[in-house]
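This report covers charged side-chain pairs and their surroundings. Have the sequence and the model at hand.

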Amino acid sequence: MRSSIVGSVLLFSACGGGGDVKITQPPPKYVGFHSLAHHANVVWVEATYYTDHKRVFDTNLTSEGILPVALRVGLRGKGQDELPIQITPEDMALCMYLQDGTRLDSVPYAEVGKDDEDVQDAVTRFALKTGLIEVWDKAREGFVFFQIPKGDDFEVDGGRIIHHTPTLSRELDLLKSLITLKIKSLEGLTPIFVGIKQDIKGGR
Amino acid sequence: MTVSRRDRWALAAVLTVVVPACKSENPYRRPFELLTRSAQACDAGNWKAATSPAEELIGETNEKPEEFARQRFFAHHLLTLSHSNAACGEAFAAVASQGSRSRFATAEHPSQARLATPSAEVSHLMAALLNGWESVSLSDRAASMPAMIDGQSLAPPQLEKLGVDECAVSVRLCQLIVYGRLQSPDLVKEMLDSSPDLLDFERCRQIMEKAGTPERLRPWIYCIIHHHLRQSDERLSFKFAARTLETAGQARGTITTSMIEEIQHWITDDSTFVFECPKCKATAIPKYNACLRDSTPLIQFDARKE
């Protein structure tokens, strides 16, 4: 047994292995998705990642495996005052996709910060309000929350996420992620795809 | 630490056999083998099997990306192609997210693969986009490298035959599909502005042919260009619409019935043109893809201002 261990170590060293795992950086020319998207020029969605969301929630949610993103959903343009369009928790199918295709599922706000009353209060206060969509000028930004998969496969540091897989470790730019959600109208459910921008000051 | 006599013999044996082997082996050999496996799986339409060796190659050459740029370029090309195809209802099924090491789970049954959820499709599209941009970032360096170093081919014949330039075109077409399917008309416009040849109907077909674009991806190219041209050139947009309708079946259900109906509705109602048979002047009934009287293909119909 010991022979095989010694042999393996030697084999690894002799072939130049043994260094730290090098992390693949995101490609420099990558063109991500716009952080303001629309459906039929009527329903508009804007997504923002606030780097100092700790100031809003009194805790760093990412260290707890939760990624908060602020969404503003509103109607503008022709028909903005008459259209009964809504977002509902049941039909919204909210997801976030990292650059490498990893899907992060959304977490209901009631599940976020359950163990801390102050955090839960803040989360409840600043969470996205569902229901009928307001006209854009009245639409207020609200937070939605995504679960970073548990375990050692992911590390979050500000705007970057490192994803470790058995074959490679890859740095992913959070701001090149994609959020998908569905809106509900008389025509049925319609998907909207939106990128993410970064800002500093949250909780407006 | 004490080392037994048996261990010393084992060490000596390892040093005798392994060290010279590591020193003498061409460093491009192993990436070549991985690329070959990936390309063969791709050719067989086994997308999941194609991704594993390509990702291994990228992981193993991470320390020296410049030195292995050509092989990494081809690996990202194969990954782009695999994920683009997988997003067309093929081979990968559900997306594993919570509590799983894998982003993409393999379908146990072929029928499940055909039912790939839109969620899985988005995952594959994102992965295709990332690998596509990796490829684009490496293309100049890859093109400047020789196909063989110290007697070792860097890539298998099917990839070298296609070449860096055509692989780069293939990647760009996949990226166009991603931006189109994920509803980013501005990014589609940017891509088409930089590749205006694609807007020439016949050239578009030739470009896809030369780049080896798989049949199942082509309807998406036609569909995306059709939508892009609706506002600027309805006559040309009609050609792409007709070809989309003609080939939609190849896209394995990812061009949905409602999308097809919407295109048909554009032809009959929303366009400011009337499309009619050049022989008998019958108005287009797009669900038939040809004139009911004389079988003239829809794509040959004339556009007349209403």
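Helices here are DSSP runs of H or I with at least four residues, numbered from the N terminus. The model is predicted: local features need pLDDT of at least 70, side-chain atom pairs count only at pLDDT 80 or more, and totals for chains, interfaces and linings use all residues. Residues are numbered from 1 along each chain as its sequence is written, chains are lettered from A and ligands numbered from 1 in the order in which they are written, and side-chain values use heavy atoms, with hydrogens and water left out.

**Salt bridges**

A salt bridge puts a side-chain nitrogen of Lys or Arg within 4 Å of a carboxyl oxygen of Asp or Glu. The whole structure holds 22 of them over all chains. Three are listed here.

| Basic residue | Acidic residue | N to O distance |
|---|---|---|
| Lys176(A) | Asp173(A) | 3.3 Å |
| Arg181(B) | Glu121(B) | 2.7 Å |
| Arg205(B) | Glu202(B) | 2.7 Å |

Exposure is given as relative accessible area: buried is under 20%, exposed is over 50%, partly exposed lies in between (1.4 Å probe, protein chains only). In chain A, Asp173(A) is partly exposed at 22%. Its partner Lys176(A) is also partly exposed, at 23%.

In chain B, Arg181(B) and Glu121(B) form a salt bridge. This pair links distant parts of the chain, 60 residues apart: Arg181(B) sits in helix H7 (residues 157-181) of chain B and Glu121(B) in helix H6 (residues 118-144) of chain B. Arg181(B) is buried, with a relative accessible area of 11%. Glu121(B) is buried too, at 13%.

How far apart along helix H9 of chain B are Arg205(B) and Glu202(B)? They are three residues apart in this helix (residues 201-211), so about one helical turn separates them. Arg205(B) is partly exposed at 32%. Glu202(B) is partly exposed at 35%. Elsewhere, salt bridges with shared partners join Arg30(B), Glu56(B) and Glu60(B) into one network.

**Arg230(B)**

Arg230(B) lies in the loop between helix H10 (218-229) and helix H11 (234-247) of chain B. Is this loop residue buried or exposed? Arg230(B) counts as buried, at 14% relative accessibility.

Its side chain makes a polar contact with the side chain of Glu262(B) at 2.8 Å. A polar contact is a pair of N or O atoms within 3.5 Å; within protein, one must be able to donate a hydrogen and the other to accept it, and residues adjacent in sequence count only if both atoms are side-chain atoms. Leaving out residues up to four places away in sequence, Arg230(B) touches Ser237(B), Glu262(B), Ile263(B) and Trp266(B). Contact means heavy atoms within 4.5 Å.

Notes. Helix = DSSP H or I, 4+ residues; strand = E, 2+ residues; numbered from the N terminus.
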